[in-house]
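I'm opening a fresh page for a structure I haven't looked at before. I'll jot down what I look up, in the order I get to it.

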Amino acid sequence: MEYDKIEVPDEGEPIEVVDEERIELDIPDHPIIPILHGDGIGVDVGPAAQTVLETAARATGRDISWLRVYAGESGREKYDENLPEDTVKAIKEFRVAIKGPLTTPVGSGYRSLNVALRQRLDFYANVRPTYHLEGVPSPVSKPEEMDMVTFRENTEDLYAGIEWEEGTDEVEQVREFVEDEMGFDDTFHEGPVGIGVKPISEKGTKRLVRRAIDYALEHDRDSVTLVHKGNIMKFTEGQFRDWGYEVAREEYGDEVITEDTLWEERDGETPEDVLVVNDRIADNMLQQVLTRTTQYDVLATMNLNGDYISDACGAQIGGLGIAPGANFGDARCLAEPVHGSAPKYAGQDKVNPTAMILSGEMMFDYLGWTDAANLVRDAVEATIAAGEVTYDLERNLEDAEKLGTSEFADAVVGRIEQLA
Ligand code: NAD
């Protein structure tokens, strides 16, 4: 493996595919794992998560050789590039990696590096579990009821980046095509306009929904809800729903039942051990996650809806400092917290590293290191429950002790050592 400016550690082994067909990975006990600390508060939460994760790996008889990779600010410093080829190549070759947040300028400037990474490496499912940790303050009265996992399609929708800026020749060409050739005259208002395209494909939809159903079956969940605005966007979001149901009906036999069949054939009575696939309109869903929290389980949706819904779910369990995530492709995983780079707190050793640490827990789960994953989660939960927390939680708790990012990580490390 040849790289320009990064050095692959001598110790440790790469994670490799053993069986292309079945997309199975061979996970050594001492893997090499690329880590990108990220922009803004990435400089705080990245090292904190690294310390916690390597402690949990060692406590369960394993080890990790980290391969530091760079993008965003650190990419510009080291390579004079936002997304160096070394970074893309390392995440691709080593298959399982973890990253902190990357800043995306709004309106002008370069396109999102997160979107570019997800698209280039075909990380098609962004998975965000939202569950409550004991002791975390929440704006709702029963935060423990929240236990959902959002599967967000990651490569298409309005996030595909197919858009044209007002005032350009390109946008005028698209306007002309849409009005004159496709017959949507008078659809655009007169004067400057920006235009974007929303692709939703059968391939993109089905592999995402399959992944959500597989997860729900493996984790003994009760339902998968397809979330869409198909009432308005019939040929994109409506088609997502139809393809989603097609997967459920055609590929899972008796293990899965769709909600309409349930009503037609069984009067709404759900048989035991069967996964129900239903659908909800996205705006309604944003209410339901709040008002009927216990009725939902696994959500499968497109890129934009998924972004909104997972943040709304995250708010119910204590906010962005807590919410973990991971991107999955075929035989690859890139763990990353839901939050962004929060530039105003960067480098202050102040913010909460829990989201990044728990993203690492998801990565451990993917590696099959369930004991290490449980250890991380138990240690984080015990630390928070003891009232040892960062500022974001401390300000909403009575009698809690305010710790900095690195102090919180040290407290979690201490608990891992006690619990192991
Ligand atoms: P943000 O998540 O960075 O911050 C919003 C607010 O959430 C912060 O002001 C802070 O109060 C709180 N917060 C976030 N993380 C926290 C933590 N770990 N501990 C405590 N509090 C925390 O969102 P933003 O301000 O909208 O975005 C800032 C930048 O991050 C933008 O450039 C955006 O594009 C980028 N971003 C990147 C990712 C990613 O890399 N995956 C995700 C979201 C946003």
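These are my notes, starting with the domains and ending with a few single residues.

**Entry 1: domains.** I remind myself that this is a predicted model. I looked up the domain assignment, which splits the protein chain into domain 1 (1-135 + 319-420), domain 2 (139-152 + 200-316) and domain 3 (163-196). I also checked how far domain 1 sits from domain 3, and their centres, taken over C-alpha atoms, are separated by 41 Å.

**Entry 2: the cores.** How many residues does the largest nonpolar core have? I get 88 residues, and those with the most contacts inside it are I213, V224, F364 and I384. Where does this core lie? Domain 1 and domain 2 both give residues to it, so this core lies between them. There is also a second, separate core of 21 residues, and V69, I91, L102 and L121 are included in it.

I then picked I213 to follow up. Setting aside neighbours within four places in sequence, I213 is in contact with V224, V247, A248, Y252, V256, L275 and V277. V224 caught my eye, as it also stands among the residues with the most contacts inside the largest core.

**Entry 3: A212.** From I213 I went to A212, which is found in helix α6. Is A212 buried or exposed? Its relative accessible area is 0%, so A212 is buried. Not counting residues up to four places away in sequence, A212 touches F151, V224, V298 and A300. So that I have a distance on the page too, I noted A212 against V140: they are 72 residues apart in sequence and 27 Å apart in space, C-alpha to C-alpha.

**Entry 4: α11 and α12.** Next came helix pairs. Helix α11 covers residues 354-367 and helix α12 covers residues 370-385. Their axes come within 7 Å and cross at roughly 160°. Angles over 145 degrees count as roughly antiparallel, and that makes α11 roughly antiparallel to α12. The crossing of α11 past α12 is left-handed. I listed who makes the contact: T354, I357, L358, E361, F364 and D365 on the α11 side, and T370, A372, A373, V376, R377, V380 and I384 on the α12 side. I had already met F364 and I384, as they are among the residues with the most contacts inside the largest core.

**Entry 5: α1 and α12.** Helix α12 has another entry, with helix α1 (residues 42-59). α1 and α12 pack at an angle of about 130°, with their axes 9 Å apart. The two helices are therefore oblique to each other, and their crossing is right-handed. L53, A56 and A59 of α1 make the contact with A372, L375 and V376 of α12. A372 and V376 appear in the contact with α11 as well.

**Entry 6: α9 and α10.** What angle do the axes of helix α9 (residues 282-291) and helix α10 (residues 303-316) cross at? I read roughly 15°, with the axes coming within 10 Å. Angles under 35 degrees count as roughly parallel, and α9 and α10 are therefore roughly parallel to each other. α9 passes α10 in a right-handed crossing. A282, M285, L286, V289 and L290 of α9 make this contact with N305, Y308, I309, A312, C313 and Q316 of α10.

**Entry 7: S138.** Q316 turned up again when I looked at S138, in the loop between β6 and β7 (147-153). Leaving aside neighbours within four places in sequence, S138 is in contact with P143 and Q316. S138 and I317 are 179 residues apart in sequence, yet 5.6 Å apart in space, C-alpha to C-alpha. With a relative accessible area of 23%, S138 is partly exposed.

**Entry 8: two positive phi values.** Most residues other than glycine have a negative phi. I therefore wrote down two that don't follow this. D122 has a phi near 55° and lies in the loop between α4 (113-120) and β6 (125-131). D220 has a phi near 60° and lies in the loop between α6 (202-218) and β10 (223-228). How accessible is each? D122 is partly exposed, at a relative accessible area of 30%. D220 counts as exposed, at 68% relative accessibility.

Notes. Residues are numbered from 1 along each chain as its sequence is written. This is a predicted model: local features need pLDDT of at least 70, side-chain atom pairs count only at pLDDT 80 or more; totals for chains, interfaces and linings use all residues. Side-chain values use heavy atoms; hydrogens and water are left out. A nonpolar core is a set of buried Ala, Val, Leu, Ile, Met, Phe, Trp, Tyr and Cys residues joined through side-chain atoms within 4.5 Å. Buried means under 20% relative accessible area, exposed over 50%, partly exposed in between (1.4 Å probe, protein chains only). Domain bounds come from an automatic or database domain assignment. Contact means heavy atoms within 4.5 Å. Axes are lines fitted to C-alpha atoms, for helices over the stretch in contact, and angles run from 0 to 180 degrees between N-to-C directions. Helices (H or I, at least four residues) and strands (E, at least two) are DSSP runs, numbered from the N terminus. Angles under 35 degrees count as roughly parallel, over 145 as roughly antiparallel, 65 to 115 as roughly perpendicular and the rest as oblique. A crossing is left-handed if the near helix is turned anticlockwise from the far one by less than a right angle, and right-handed if clockwise.
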